[in-house]
Amino acid sequence: MMEGLTKEIHATTCRTVDAHGAPLSFDYYILVDELTADGVFACESYGVKIAVAGGGDESSIRHITSSADRIGELVELLSKYEVTPVTLEDVVSDWL
């Protein structure tokens with residue numbers, strides 16, 4: 001299997017406050033990789049990315065699932081529970 005370019009699709013933004021009450025925003029993205037075999041499209045593989053809005057920390061994990069529905073559910077949960085770039089890997093590991 002070979003990969004093409006990874007596309008980033010902005011899913012949502014979560015606005016919250018940090019421990020000191022300062023405003024903080026996180027952008028959540030769905031990552032889409034097209035996988036090919038012998039030059040022919042085989043499937044899409046989905047991942048996630050979280051970035052501090054306006055620059056700063058970010059973290060991403062590719063190839064979590066090939067289900068568009070499941071990656072949508074995951075991004076919704078990440079946003080709902082205000083998952084940060086620092087905790088993304090642990091949260092996704094538990095989700096799997």
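Which residues in α1 meet which residues in α2? In this predicted model, R70, L74, L77 and L78 of α1 meet L88, V91, V92 and W95 of α2. The setting of this helix pair, and the core to which both helices contribute, are described below.

The protein comprises 2 helices and 4 strands. Along the sequence these elements follow the order β-β-β-β-α-α. The C-alpha atoms fill a box of roughly 55 × 25 × 20 Å along the principal axes. Of the 96 residues, 32% count as buried. When contacts between residues at least 6 apart in sequence are considered, 46% of them join residues at least 24 apart.

The largest nonpolar core contains 18 residues, and those with the most contacts inside it are Y28, V48, I50, I64, I71, L74 and L78. Two strands and two helices each give two or more residues to this core, namely β2 (23-37), β3 (40-52), α1 (68-80) and α2 (88-95). In soluble globular proteins, nonpolar side chains tend to be buried together. The surroundings of I64 illustrate how the core is assembled. With neighbours within four places in sequence left aside, I64 is in contact with Y46, G47 and V48, with I71 and L74, and with V92, W95 and L96. Among these partners, V48, I71 and L74 are themselves listed with the residues that have the most contacts inside the core.

The second helix presents two distinct sides. L88, V92 and W95 of α2 are buried. These residues cover an arc of only 55° around the axis and therefore lie on the same side of α2. An α-helix has 3.6 residues a turn, so residues three or four places apart point the same way. On the other side of α2, E89, D90, S93 and D94 are exposed. The buried residues of α2 pack against β3, β4 (58-65) and α1. V92 and W95 thus recur in several settings, because they are buried on the same side of α2, are in contact with I64, and belong to the set that meets α1.

With regard to the geometry of the helix pair, the axes of α1 and α2 come within 12 Å and cross at roughly 130°. This angle makes α1 oblique to α2. The crossing in which α1 passes α2 is right-handed. From α1, L74 and L78 take part in the meeting of the two helices, and both also appear among the residues with the most contacts inside the largest nonpolar core.

Helix α1 also includes A68. This residue counts as partly exposed because its relative accessibility is 44%. A68 and S45 are separated by 23 residues in sequence, while their C-alpha atoms are 8.6 Å apart in space.

Two further residues are notable for their backbone conformation. Most residues other than glycine have a negative phi. H63, which is not a glycine, has a positive phi near 60°. H63 is placed in strand β4, and its relative accessible area of 35% makes this residue partly exposed. E82, likewise not a glycine, has a positive phi of about 50°. E82 is found in the loop between α1 and α2, and counts as partly exposed at 36% relative accessibility.

Notes: Residues are numbered from 1 along each chain as its sequence is written. This is a predicted model: local features need pLDDT of at least 70, side-chain atom pairs count only at pLDDT 80 or more; totals for chains, interfaces and linings use all residues. Side-chain values use heavy atoms; hydrogens and water are left out. A nonpolar core is a set of buried Ala, Val, Leu, Ile, Met, Phe, Trp, Tyr and Cys residues joined through side-chain atoms within 4.5 Å. Buried means under 20% relative accessible area, exposed over 50%, partly exposed in between (1.4 Å probe, protein chains only). Contact means heavy atoms within 4.5 Å. The arc is that of the directions from the helix axis to the C-beta atoms. Axes are lines fitted to C-alpha atoms, for helices over the stretch in contact, and angles run from 0 to 180 degrees between N-to-C directions. Angles under 35 degrees count as roughly parallel, over 145 as roughly antiparallel, 65 to 115 as roughly perpendicular and the rest as oblique. A crossing is left-handed if the near helix is turned anticlockwise from the far one by less than a right angle, and right-handed if clockwise.
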